[in-house]
Amino acid sequence: MRWSNERRELARASRRPSRGRLVPAIGAFATAIFFASTLLLYSSPEEKRVTIYSNAANYSLPVLERNGDEYVGLLEVFEPLGVVSAKVNGPHWKFRYYDVESEFTTGKTRARIHGSDYDLPSAFLLDNQRGLVPLSCLGTLLPRILGGPVTFNQNSRRLFIGNVAVHFTAQVSKTTPPKLVMNFTAPVNPTIATEPGELRMAFNREAVVAPGSQALTFDSKIIPSASFQENNGAAEVVVAASVPLMASFTNNGRTIIIEPVPLATAPPQTAPAQPPQTATVAPPPSAPAPPAIRHYFVVVDPSHGGAERGASLTDQLAEKDVTLAFARRLRQELELRGLVTLLLRDGDITLTLDQRASLTNSARPAIYLCVHAASEGNGVRVYSAVVPVGTENHGPFLSWDAAQTPFQLLSRSAGSGLVRSLQSKQIQARSLIAPLRPLNNITTVALALEVAPSSDDVSQLNSPAYQQAIAAAIATGIADFHDKLEVAR
Ligand SMILES: [Zn+2]
């Protein structure tokens with residue numbers, strides 16, 4: 001099930017053109033990072049999904065139409081939450097979540113949950129051995145099995161288990177220019193897209209809920225209003241404005257500041273044909289020190305994207321799609337371990353190597369991980385940089401090509417840690433050094449991961465289970481190395 005779902009997602013991502021546009025980070029101290037987005041939110045109305053938010057994980061599942069009703073696989077609902085099993089016995093389906101046993105019968109509304117009768121609003125269905133329950137029953141069925149409260153908003157298909165909702169306030173300052181300050185009760189990482197007259201933030205994973213009112217109005221001609229919408233398992237905030245807006249994150253991802261793009265903007269950064277040899281990444285001594293913006297612990301860079309497809313892994317499978325799918329999994333695993341993560345691209349867009357390095361260095365993470373995929377080899381290769389010979393750092397200035405030099409030893413040691421973590425999960429891995437851009441341009445611990453299948457079966461690269469196992473092992477390795485990384489930055 002998850003297989004086919006993931007495949008559809010990959011196929012969709014690769015054929016849908018990107019809606020947003022890349023806006024360069026602007027200002028003396030580039031704090032705002034924008035990414036073009038492939039908005040999954042409202043773009044595929046044909047595919048219904050329900051999103052479940054819990055302390056264990058936030059995840060989306062497909063909603064199926066059966067006999068004119070909406071259904072969802074019950075095993076899939078519980079799988080991320082704990083220990084589950086299911087057994088088919090003729091028309092009966094026995095389901096177990098920890099020690100809570102339930103029994104359903106295909107075509108029947110009557111079920112037994114933990115020794116008591118329970119009536120479904122429509123018949124339970126067995127669909128290829130898979131137990132399907134009506135979506136509308138989740139609000140009453142889950143509390144019986146979980147033994148705790150849930151809140152189910154059936155219209156938007158968002159289900160909250162326990163006290164996991166993320167609330168926010170929004171206020172426009174009286175300053176010139178005005179700023180819209182949004183404070184959230186937990187870190188958020190929405191996908192941001194700008195269009196004429198509005199800035200849209202899509203919360204595809206976060207349990208963000210509406211403030212008192214879904215429509216917010218502000219006493220400002222420049223930023224007059226914002227609206228909260230939720231639909232098909234996701235939430236979105238749309239900020240209306242009379243001028244182009246940009247967003248920046250502070251307070252460990254708990255605050256988003258939205259303000260007009262300064263008029264005196266720098267021209268869009270285009271990569272020079274040759275990497276700049278004299279560019280400095282340290283400010284000259286006379287300049288004021290840039291504010292410390294350290295809210296992302298990890299930057300994950302899905303290599304390739306947009307027109308640049310990377311390797312053709314199979315006839316169907318482009319490297320750029322595998323790197324993005326894997327990077328999203330890695331972000332989820334890292335964030336589950338409390339490591340706030342930025343994806344350099346969260347859609348099918350083109351970024352140059354110089355842009356990747358500049359965006360990473362502005363975000364000031366403790367570690368940068370760039371992701372590649374390869375059809376040949378075995379398991380994961382973890383690369384750290386070789387700084388090109390003849391590029392040296394002088395005084396307080398770092399040469400662009402040798403920016404990685406002060407971090408080389410720690411990068412190698414972090415790479416060995418990741419290899420050990422992968423091997424401890426029976427995933428083949430080895431560490432290597434290579435002159436691989438943009439590693440040498442990064443001013444923090446920097447590694448490149450090249451993910452290859454564990455056998456001759458290249459399609460394994462597209463397997464959620466395989467990606468998940470590798471992502472989890474890497475996230476564990478980084479979490480184990482957390483203290484050393486924290487000290488280094
Ligand atoms: Zn590649």
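Helix H5 is largely enclosed by the rest of the structure, because eight of its 11 residues are buried (buried means under 20% relative accessible area, exposed over 50% and partly exposed in between, with a 1.4 Å probe and protein chains only). This is a predicted model, where local features need pLDDT of at least 70, side-chain atom pairs count only at pLDDT 80 or more, and totals for chains, interfaces and linings use all residues. Residues are numbered from 1 along each chain as its sequence is written, and side-chain values use heavy atoms, with hydrogens and water left out.

**The whole protein**
- The secondary structure adds up to eight helices and 28 strands (DSSP runs, numbered from the N terminus: helices are H or I with at least four residues, strands are E with at least two).
- Out of 489 residues in the protein, 51% are buried.
- Take the contacts between residues at least 6 apart in sequence: 64% of them join residues at least 24 apart (contact means heavy atoms within 4.5 Å).

**Around H5**
- The buried residues of H5 are Asp354, Gln355, Arg356, Ala357, Leu359, Thr360, Asn361 and Ala363.
- What do they pack against? Their partners are the strands S23, S24 and S25.
- Just after H5 comes Arg364, with a positive phi of about 50°.
- On the other side of H5 in the chain, Asp346 sits in the loop between strand S24 (341–343) and helix H5 (353–363).
- Asp346 has a relative accessible area of 12%, so it is buried.
- Asp346 and Ala327 are 19 residues apart in sequence, and 8.8 Å separates them in space, C-alpha to C-alpha.

**The zinc ion**
- Which protein atoms are the donors here? They belong to His304 (NE2), Glu319 (OE) and His372 (ND1), lying 2.1 Å from the zinc ion (donors are N, O and S atoms within 2.8 Å of the metal, or 3.2 Å for Na, K and Ca; water is not among the atoms, so sites may look incomplete).
- Along the chain, these donors follow the spacing H-x14-E-x52-H.
- His304 and His372 link distant parts of the chain, 68 residues apart: His304 is in the loop between strand S23 (298–302) and H4, while His372 is in strand S25 (residues 367–373).
- Both count as buried, His304 with a relative accessible area of 14% and His372 at 18%.

**H7 and its helix neighbours**
- Two packed helices are described by the angle between their axes and the distance between the axes.
- Helix H4 (residues 319–336) and helix H7 (residues 464–480) pack at about 45°, with their axes 8 Å apart (axes are lines fitted to C-alpha atoms, for helices over the stretch in contact, and angles run from 0 to 180 degrees between N-to-C directions).
- H4 and H7 are therefore oblique to each other (under 35 degrees is roughly parallel, over 145 roughly antiparallel, 65 to 115 roughly perpendicular, and the rest oblique).
- Residues making this contact include Val322, Phe326 and Leu330 of H4, along with Gln467, Ile470 and Ile474 of H7.
- The contact of H4 with H7 divides into 12 nonpolar, two polar and two charged residues (Ala, Val, Leu, Ile, Met, Phe, Trp, Tyr, Cys and Pro count as nonpolar, Asp, Glu, Lys and Arg as charged, and the others, Gly among them, as polar).
- The axes of helix H6 (residues 408–424) and H7 come within 8 Å and cross at roughly 135°, and H6 and H7 are therefore oblique too.
- Leu418, Ser421 and Leu422 are the H6 side of that contact, and the H7 side includes Ile470, Ala473 and Gly477.
- The contact of H6 with H7 has six nonpolar, three polar and no charged residues.
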